[in-house]
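Me: Please take a close look at one strand of this structure. Tell me what it pairs with, and then how the parts around it are arranged.

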Amino acid sequence: MKALVYVGEKQLELQNIPEPEGEFLVRVLGCAICGTDLKTYLHGHPYFKPPTILGHEFYGVVDKAPAGCGYRVGDYVTVAPYGECGVCDECLHGIKESCKNKEYVGDGAFCEKVSVPLSFVSRGVFPIPGPDKAFALVEPLACVLDGVEQMEVAPDDRTLVIGGGPMGTLIAFTLKDRGVDVQVAELNPLRLECLNSWGIPAAPLETYKLKEFSRIFVAVNKKELVELAIHSVHDGGRVHVFAGLPSGTVLNVDAYDLHYRKVAVMGSSGFTLDQFKRAYETVSRNPDHYRRLITHTFPLEQGQEAFEFLKDGRAFKIVVEP
Ligand SMILES: [Zn+2]
Ligand SMILES: [Zn+2]
């Protein structure tokens, strides 16, 4: 099968590799490029050592399934790239993201076929009505639910999302759906135009007075912006570090902000299977709303071009189609 193999920094190669083995196979119809994929492509990543296949935000069609597993060949599905076990110490204490026995779906999905462990099918595979790109957004939306739930945003919390990329936008969509007054700080003109046309007020960061916001999400990989948010959020406010900064990044935080101003700082990454399921239900209810985020599609053969295109800020969200 064809696969877009990440062979080193800034190198993606279309290769012919053997089909995966396994009892349950999904033929990938589309896989979105995640911020983590782009980061890995550009600078490497401690979890994804080359050569490997990236991509985890995908949907497709069942290509092989044993009788009685709940799916048949030809069913359209979206798949959680991993899931917690639900029974280890971490899971039982509610920190499912840190589960030590996570189950993973084969390799990445920038390829033609992905193998799903049979034991994971009933928990991690979800039926979709057809080949709809919107379902590539279930996984990022699930990660967003994790962050939003942690922040306990109330309808009267003025909320700012710093960074209007796909994640920042999904945070804004989620909060707006819950009746929260949410705005986005962003520089890229393409993104500003998209956000405003989708009914999310967005403007460059300088135009906002951060003191007026009681909840700030930082969805840009810039440590200075995290520091600024902590220092500038409203007294008693909360700051969520959604951005994935490299391990070892040390933040300059004034203890005064934590002690006297009672600012709380939190962060999250990943999702739980319950959040994935709810994200799936949310996208299922209104796929048109989410599909708008996908501004471009590229064939797998032009995978590297797709990554370069995204890097240059010329697309919002890209789906790569094998
Ligand atoms: Zn992702
Ligand atoms: Zn566990």
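Reply: Two strands are said to pair if DSSP finds at least two bridges between them. Strands (E, at least two residues) and helices (H or I, at least four residues) are DSSP runs, numbered from the N terminus. The model is predicted, so local features need pLDDT of at least 70 and side-chain atom pairs count only at pLDDT 80 or more, while totals for chains, interfaces and linings use all residues. Residues are numbered from 1 along each chain as its sequence is written, and chains are lettered from A and ligands numbered from 1 in the order in which they are written.

The strand to look at is β3, residues 25-32. Of its 8 residues, 7 are buried (20 or more other C-beta atoms within 10 Å of the residue's own, with C-beta atoms placed from the backbone; 12 or fewer is exposed, and in between is partly exposed). β3 pairs with strand β5 (residues 57-64) in the antiparallel sense, over 7 bridges. Here valine 28 faces glycine 60 of β5. Strand β9 (residues 113-115) also runs antiparallel to β3, joined to it by 3 bridges, and valine 26 is opposite valine 114 in β9. The pairing of β3 with strand β18 (residues 317-321) is antiparallel too, with 2 bridges. In that case alanine 32 has valine 319 as its bridge partner.

Elsewhere, an open sheet of 3 strands runs in the order β2-β1-β4, with antiparallel pairing. Its edge strands, β2 (11-16) and β4 (52-53), each pair on one side only. Between β1 (residues 2-8) and β4 there are 2 bridges, and valine 5 is opposite isoleucine 53 in β4.

Now the wider setting. An automatic or database domain assignment splits the protein chain into domain 1 (2-131 + 292-321) and domain 2 (142-267). Their centres, taken over C-alpha atoms, are 28 Å apart. Domain 1 puts 7 residues into the contact and domain 2 puts in 10 (residues are in contact if their C-beta atoms, placed from the backbone, lie within 7 Å).

The largest nonpolar core (buried Ala, Val, Leu, Ile, Met, Phe, Trp, Tyr and Cys residues joined through C-beta atoms within 7 Å) has 93 residues. Those with the most contacts inside this core are Phe110, Leu137, Ile162, Ile171, Val218 and Ala219. Helix α4 (residues 138-151) contributes the most, with 8 residues. Both domain 1 and domain 2 give residues to the core, so the core lies between them. Leaving aside residues up to four places away in sequence, alanine 219 touches several others, among them Val161, Ile162, Met167, Ile171 and Phe242.

Helix α7 (residues 223-232) has Val226, Ala229 and Ile230 buried. They sit on the same side of α7, because they cover an arc of only 95° around the axis (the arc of the directions from the helix axis to the C-beta atoms). The cover over these buried residues includes β11 (159-162), β14 (215-218), β15 (238-241), α8 (255-259) and β16 (264-267).

A last residue is tyrosine 104, in strand β8 (residues 103-104). Tyrosine 104 counts as partly exposed because it has 14 C-beta neighbours inside 10 Å. Its C-alpha atom is 6.1 Å from that of proline 81, 23 residues away along the chain.

Key
Contact = placed C-beta atoms within 7 Å.
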